[in-house]
Amino acid sequence: MESEGGQAARILSEIDTLKGKRSDIDNRISALEAQLGDLNIEKNNGSCPSISTGGFGHGLSPDMIYRYSRHLLLPTFGVEGQSNLLKSSILVVGAGGLGSPALLYLAACGVGKLGIVDHDVVELNNMHRQVIHTEAYIGQPKAKSAAGTCRSINSTIQIVEHQEALRTSNALDILSQIAVSITANFVRYDIIVDATDNAPSRYMISDCCVVLGKPLVSGAALGLEGQLTVYNHNGAPCYRCLFPTPPPTTACQRCADSGVLGVVPGIIGCLQALEAIKIATAVGEPLSGRMLLFDAFSARIRIVQSILHIFKSFFKVKIRGRSLQCEVCGEHSAFTQQQFKDFDYEKFTQSPLLVAPVKLNLLIEDYRIHSRELKEKIVKGEAHVLVDVRPAHHFKIVSLPNALNIPLSSLEFRLAEISSALKEEEKRKGIGFDSSASLYVICRRGNDSQRAVQLLHKVGFTSARDIIGGLEAWAVDVDPNIPTY
Amino acid sequence: MQLTLEFGGGLELLCDSVKIHNVNVSLKNEVDKLTMKDLLVWVRTNLIKERPEMFMKGDNVRPGVLVLVNDCDWELSGQLDTTLEDKDVVVFISTLHGG
Ligand SMILES: [Zn+2]
């Protein structure tokens, strides 16, 4: 009889085989659907009009009339709005927390060509907000997963996947120039939706939109707050008009560090879809020259009435004959496509385009210890104190036994607690005056622990060492039962 | 002078995680008007509890902070020279980049 372990291994292997087959089938379906989409578009654009295409004087087929009937029934939207939407092409950069809902609505509402740019893969710890992806796609490219969902919602529109990160080297091509989709269709995007998650991307996308003269629907969310505006449209400012100087990197918090309530980017992403639809159809007043600030915690939405640096500057130009100040969209600015290609956005903002956890290296080797080495010392019974410098709410998620939680922000005011913990440990272990207990510092990934050790050395705790790679490394190298987050 | 000061986009973390502060800012003398420049100094001294460099750079707010006076971009009212009046609402908000 087969052992339980053997049975589990057999089941796991069969699951793997089936997942592989499913992936192949998914790929084939995607390719066929894209092919079919192209055929439909060619048919609709064909020179021989039939009753089903354009037979009613507005270009909407009976199927389209049925599918989009609730739009057509809206007096302010109607046939004209829907026709414009079907003719429009929208590129969503980022298929994450903002891009997910934006793409769902843009696909459903009948945008003619919908492009998706994302280089990343679907991860379980993002699924609370990246609602376009399903568990079956974990580990697969987000662009592919999002495109699959969009096609399953609306098989009649053209969906283009760009499985790559947007960079200065490919942005101009992807946004408009000579983009060739996987099915060899030429794609030009009319409207760009910025659903990215980092400062350099935001500057890059805005500059690219200025260079190409495209409206940009920009959204951002973090924690319980969201922000939304439309740049470079109807005389509205560009991102650089508002923020000519990048913020310090310490001010650029990431969802992976600071957390985000899933529904908050969901709301902002829906609003981005709405603004893109309004621009595509010329229905309503777009949020250009204004900014929407959403505070989910206190249920408040504030719309800043006029972010009008550029209008003011125009005014100044006429009165005082001064040049516009914006380096990119200003009247006398000559920011060319070539300058865009050569611009180093990572250097400009001091942060990476592809958001990856930062790995600092602030300490000399003597002040650092590998988690495995520490584990051995602990097993041998070495006298030590382990200080965990993560914020208290992180500590509540998971912590190592006997760790003393003193968040980095309050470390300098709580040094006495460390001194007394060390003394207590020395007493407990019966250590004399000639030696002392070691002091180790841990955090989530091994950055704050280095900052803490720097501080501790400065104030005289010269035995302080940081645990390289933090709890994440501990989980990998010492104890796989420690959950990561 | 009664003012309502609001902090958002993470700036509230610099003032004990309190977003809305109803404050009374006294003028140096009767003739002086309170400008945004004065208010920034007052905020840094009285409300900012940690990392003041995350709020200010020089005598201005740091890059990436939007300032609204009565829901209007302060660039329109004169930036640092904006004169404040009783019951004004001043909002400091850090731009977000996440998604
Ligand atoms: Zn500009």
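**Exercise 1. Surroundings of A:Lys341**

Determine which residues A:Lys341 contacts, leaving aside its neighbours within four places in sequence.

*Solution.* Leaving aside neighbours within four places in sequence, A:Lys341 is in contact with A:Thr168 and A:Leu172. The structure used in these exercises is a predicted model. A:Lys341 itself belongs to helix H13 of chain A. Its two partners, A:Thr168 and A:Leu172, are listed among the buried residues of H7(A). A:Lys341, by contrast, has a relative accessible area of 39%. Buried requires under 20% and exposed over 50%, so A:Lys341 is classed as partly exposed. As a reference for distance, A:Lys341 and A:Ser449 are 108 residues apart in sequence, and their C-alpha atoms are 38 Å apart in space.

**Exercise 2. Helix H7 and its packing against H8**

State how many of the eight residues of H7(A) are buried, and describe how this helix packs against H8(A).

*Solution.* Begin with burial. The buried residues of H7(A) are A:Thr168, A:Asn170, A:Ala171, A:Leu172, A:Ile174 and A:Leu175. Because six of its eight residues are buried, H7(A) is largely enclosed by the rest of the structure.

Next, consider the geometry. Helix H7 (residues 168-175) and helix H8 (residues 199-212), both of chain A, have axes 10 Å apart and pack at an angle of about 45°. The two helices are therefore oblique to each other. H7(A) passes H8(A) in a right-handed crossing.

Finally, identify the residues involved. H7(A) contributes A:Thr168, A:Ala171, A:Leu172 and A:Leu175, while H8(A) contributes A:Met204, A:Cys208, A:Cys209, A:Val211 and A:Leu212. Sorted by class, the contact has eight nonpolar residues, one polar residue and no charged residues.

**Exercise 3. Helix H5 and its packing against H6**

Describe the crossing of H5(A) and H6(A), and then place A:Pro101 in its surroundings.

*Solution.* Helix H5 (residues 99-109) of chain A packs against helix H6 (residues 142-153) of chain A at an angle of about 35°, with the axes 9 Å apart. The crossing of H5(A) past H6(A) is right-handed. From H5(A) the contact draws on A:Leu103, A:Leu104, A:Ala107 and A:Ala108, and from H6(A) on A:Ala146, A:Thr149, A:Cys150 and A:Ile153. Seven of these residues are nonpolar, one is polar and none is charged.

A:Pro101 also lies in helix H5 of chain A. With a relative accessibility of 5%, A:Pro101 counts as buried. Leaving aside neighbours within four places in sequence, A:Pro101 is in contact with A:Gly96, A:Pro265, A:Gly266, A:Gly269 and A:Cys270.

**Exercise 4. Helices H15 and H19**

Classify the relative orientation of H15(A) and H19(A), and sort the contact residues by class.

*Solution.* The axes of helix H15 (residues 371-379) and helix H19 (residues 470-477) of chain A come within 9 Å and cross at roughly 75°. The two helices are therefore roughly perpendicular to each other. On the H15(A) side, the contact residues are A:Ser371, A:Arg372, A:Leu374, A:Lys375 and A:Ile378; on the H19(A) side, they are A:Ala473, A:Trp474 and A:Asp477. By class, four are nonpolar, one is polar and three are charged.

**Exercise 5. An annotated group of cysteines**

Name the residues that UniProt annotates as "binding site", and decide whether they are clustered or dispersed in space.

*Solution.* An unreviewed UniProt entry assigns this feature to A:Cys238, A:Cys241, A:Cys326 and A:Cys329. These positions are spread over 92 residues of sequence, yet they cluster in space, with a largest C-alpha distance of 8.6 Å. A:Cys241 lies in helix H9 (residues 239-242) of chain A and is buried, with a relative accessible area of 9%. A:Cys329 is found in the loop between helix H12 (309-320) and helix H13 (337-342) of chain A.

**Exercise 6. An annotated glycine of chain B**

Locate B:Gly99 in chain B, and list the residues that B:Gly99 touches.

*Solution.* B:Gly99 lies in the segment after strand E7 (89-94) of chain B. The annotation "modified residue: 1-thioglycine", from an unreviewed UniProt entry, covers B:Gly99. B:Gly99 is buried, with a relative accessible area of 6%. Not counting residues up to four places away in sequence, B:Gly99 touches A:Gly96, A:Gly97, A:Leu98, A:Arg129, A:Thr196, A:Asp197, A:Ala221, A:Cys255 and A:Pro265. Two of these residues, A:Gly96 and A:Pro265, also appear among the contacts of A:Pro101.

How values were computed
Residues numbered from 1 in each chain as written. Chains lettered and ligands numbered in written order. Predicted model: local features only at pLDDT ≥ 70, side-chain atom pairs only at ≥ 80, totals over all residues. Heavy atoms only, no water. UniProt positions renumbered as here; feature names shortened; annotations may be inferred. Helix = DSSP H or I, 4+ residues; strand = E, 2+ residues; numbered from the N terminus. Buried < 20%, exposed > 50% of the residue type's maximum accessible area, 1.4 Å probe, protein only. Contact = heavy atoms within 4.5 Å. Axes fitted to C-alpha atoms, helices over the stretch in contact; angles between N-to-C directions. Parallel < 35°, antiparallel > 145°, perpendicular 65-115°, else oblique. Left-handed = near helix turned anticlockwise from the far one by under 90°. Nonpolar A, V, L, I, M, F, W, Y, C, P; charged D, E, K, R; others polar.
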